[in-house]
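Please read these notes alongside the coordinates. They cover confidence, sheets and helix packing.

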Amino acid sequence: MTLEIENLHFSYGRRSVLHGVSLQARRGELLGLLGPNGSGKSTLIKSVARIHRPTSGTLRWDGTVDLPRLSRRRLAQLVAYVPQAIDVSFDLDVREAVVLGRTPYFGARPSAEDWRQVDRAIALLGLEDLVGRQVSRLSGGQAQRVLIARSVAQQPSILLLDEPTSALDIRYQLQTLQLARRLARTEGLAAVIAIHDLNQAAQFCDRIALLRAGEVVADGTPAQVLTADRVEEVYGIPADVTERDGVVQVHPLVDDEPAAPAREAQLVA
């Protein structure tokens, strides 16, 4: 089963952001969206999640399910969205936060099956020791795991992660990426992650789509996409690209002179 994005366009008013994006995300793999700030990564994620309404184009699952035509309830059963940061306007403990992922399934109150899925997601994310604690008092990495557990409790087919590592230190960044890859494989999800770090994407993503100015510049394995010429073309920074133990590594080449304004894009935001 595959998430199919075909000729997708999106605009904020008169400002066009996505220009005919076409991609596929397959069940069991982690697809990384890379590109400079403003390239359209988060906009693409939010378009699939139907937070944004595309101007035109198609979004399909398994060749037949038209995502924009689904009811909100059915869409939430199929697609789970993990934002960059958790926003809790009132105190919830971990179990209460995770059960929110079951709202597409229950009526007035959660059923025994809903709570079973909650406890399964908590165990899968290794959150047992945090049950009973208020989410607002957790560390950034812990709160991010709660968000992902909430999404797992939805039992989705498509998992969308919008720069989930942007506010985390290196330890939690790696844990989050390991988790995303593991969930894609063990849960059979079509997982898409917007990410800035080229080396982390190369290490953890099965495939990469490189965006620039709302268009897909390249789509393939990390080795196919992250070439020295393409990194310099998209980010404006010369780089040395090597391979170690089968994993591509990108090393920016920086001289002593400050970068010109047009070349200030960073490999890691």
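The points below go from model confidence to the two sheets and then to the helix pairs.

1. Basis. This is a predicted model, in which local features need pLDDT of at least 70 and side-chain atom pairs count only at pLDDT 80 or more, while totals for chains, interfaces and linings use all residues. Residues are numbered from 1 along each chain as its sequence is written, and side-chain values use heavy atoms, with hydrogens and water left out.

2. Confidence. The protein chain has a mean pLDDT of 91 (the predictor's confidence in each residue, from 0 to 100). A pLDDT of 70 or more is reached by 93% of the residues. Residues 262-269 fall below 50; this stretch nevertheless has 20 contacts in the model beyond near neighbours in sequence, a contact being heavy atoms within 4.5 Å.

3. Six-stranded sheet. Helices (H or I, at least four residues) and strands (E, at least two) are DSSP runs, numbered from the N terminus. One open sheet has six strands in the order S6-S7-S8-S3-S9-S10, with mixed pairing; two strands pair if DSSP finds at least two bridges between them. Its edge strands, each pairing on one side only, are S6 (79-82) and S10 (215-220). On average, neighbouring strands of this sheet are turned by 15° against each other, direction ignored. At the S10 edge, S9 (residues 207-212) runs antiparallel to S10 and is joined to it by five bridges. Leu-211 has Val-216 in S10 as its bridge partner.

4. Helices on that sheet. Helix H5 lies across S6 and S7 (158-162), at about 170° to S6. Helix H6 (residues 170-186) lies across S3 (29-34), S7 and S8 (190-194), and runs at about 135° to S3. For these angles, axes are lines fitted to C-alpha atoms, for helices over the stretch in contact, and angles run from 0 to 180 degrees between N-to-C directions.

5. Four-stranded sheet. A further open sheet has the order S2-S1-S4-S5 and antiparallel pairing. S2 (15-26) and S5 (65-66) are the edge strands, each pairing on one side only. Within this sheet, S1 (residues 2-12) and S4 (residues 56-61) run antiparallel and are joined by five bridges. The bridge partner of Glu-4 is Arg-60 in S4. Helix H1 (residues 41-48) packs on the sheet and touches S1, S2 and S4, its direction making about 115° with that of S1.

6. H4 against H5. H4 (residues 112-124) and H5 (residues 140-153) pack with their axes 8 Å apart, at an angle of about 135°. The two helices are therefore oblique to each other; angles under 35 degrees count as roughly parallel, over 145 as roughly antiparallel, 65 to 115 as roughly perpendicular and the rest as oblique. The crossing of H4 and H5 is right-handed, that is, the near helix is turned clockwise from the far one by less than a right angle. Gln-117, Arg-120, Ala-121 and Leu-124 in H4 meet Ala-149, Val-152 and Ala-153 in H5. By class, this contact has five nonpolar, one polar and one charged residues. Here Ala, Val, Leu, Ile, Met, Phe, Trp, Tyr, Cys and Pro count as nonpolar, Asp, Glu, Lys and Arg as charged, and the others, Gly among them, as polar.

7. H5 against H6. The angle between H5 and H6 is about 15°, with their axes 10 Å apart, and the pair is therefore roughly parallel. H5 passes H6 in a right-handed crossing. Gly-141, Gln-142, Gln-144, Ile-148 and Val-152 in H5 meet Tyr-172, Thr-176, Leu-179 and Leu-183 in H6. The residues of this contact divide into five nonpolar, four polar and no charged. Val-152 meets residues of H4 and also of H6.
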